[in-house]
Amino acid sequence: MLNDLDERIVHALAEDARRSYADIGSMVGLSAPAVKRRVDRLRAEGAITGFTVRVDPKALGWATEGFIEIYCSRNTSPEAIERGLKRYPEIASASTVTGEADAIVQVFASDMRHFERVLERIAGEPFVERTKSVLVLSPLLRRFTSGAPA
């Protein structure tokens, strides 16, 4: 479990992983070496699993976004769903969910036809009984940070 100071450090890194330890230190009231020690500890403990870059999908030509609810045949395990979906580069995220659907996936595609092809391929997976999809008109809020804002 992270304490308040660790959460503030993680939040600062989630906003900008290229932020310097000195910059983070000035935000949280620690020296740069103290921040580095905490970040190293958080990595060693598995609280921080890595650092990455966020790319706007539109910059890569993926202008269409949608969500697909997946309704699976009985006794389909989450592992089987994951195995079936991980080969789709268009899937940005996939989760099992409560409610009627068994899983939901976030899909980015170059255009409507591309989205339709992905939807058809997912619907054709042997474990899928049916799908239900929605397209995103305007993303209103996206957060990539962790923990409570500092």
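Residues 2–63 are 55% helix and 0% strand, and the C-alpha atoms at the two ends of this span lie 37 Å apart. UniProt, in an unreviewed entry, lists these residues as "domain: HTH asnC-type". Keep in mind as you look around that this is a predicted model. Beyond that span, here is a friendly tour of the sheet, the helices that lie across it and the largest pocket.

**The sheet**

- Four strands form an open sheet in the order E2-E3-E1-E4, and their pairing is antiparallel.
- The edges are taken by E2 and by strand E4 (128–135), each of which pairs on one side only.
- From one strand to the next, the twist averages 20°.
- In general, the strands of a sheet pair through backbone hydrogen bonds, in either a parallel or an antiparallel way.
- E1 and E3 run antiparallel and are joined by seven bridges.
- If you would like a spot to zoom in on, try Phe67, which stands opposite Gln106 in E3.

**Helices across the sheet**

- Helix H4, made of residues 78–85, lies across E1, E2 and E3. Its direction is at about 170° to E2.
- Helix H5, made of residues 112–123, lies across E1, E2, E3 and E4. This helix runs at about 160° to E4.

**The largest pocket**

- Empty space of this kind can be found by rolling a probe the size of a water molecule over the atoms.
- The largest pocket holds about 560 Å³ of space.
- Its lining is made up of 22 residues, and those nearest the centre are Val55, Asp56, Pro57, Phe108 and Arg142.
- Which strands each supply at least two residues of this lining? They are strand E1 (64–72), strand E2 (91–96) and strand E3 (103–109).
- Sorted by class, the lining has 14 nonpolar residues, six charged ones and two polar ones.

Technical notes: Residues are numbered from 1 along each chain as its sequence is written. This is a predicted model: local features need pLDDT of at least 70, side-chain atom pairs count only at pLDDT 80 or more; totals for chains, interfaces and linings use all residues. Side-chain values use heavy atoms; hydrogens and water are left out. UniProt positions are given in the numbering used here, feature names are shortened, and annotations may be inferred rather than shown by experiment. On a 1 Å grid over the protein atoms alone, a cavity is a set of points where a 1.4 Å probe fits but cannot get out, and a pocket is an open set with protein on both sides within 12 Å along at least five of seven lines; lining residues have an atom within 4 Å of a point. Grid points are joined across faces, edges and corners, and a volume is the space filled by probe spheres set on the points. Ala, Val, Leu, Ile, Met, Phe, Trp, Tyr, Cys and Pro count as nonpolar, Asp, Glu, Lys and Arg as charged, and the others, Gly among them, as polar. Two strands pair if DSSP finds at least two bridges between them. Axes are lines fitted to C-alpha atoms, for helices over the stretch in contact, and angles run from 0 to 180 degrees between N-to-C directions. Contact means heavy atoms within 4.5 Å.
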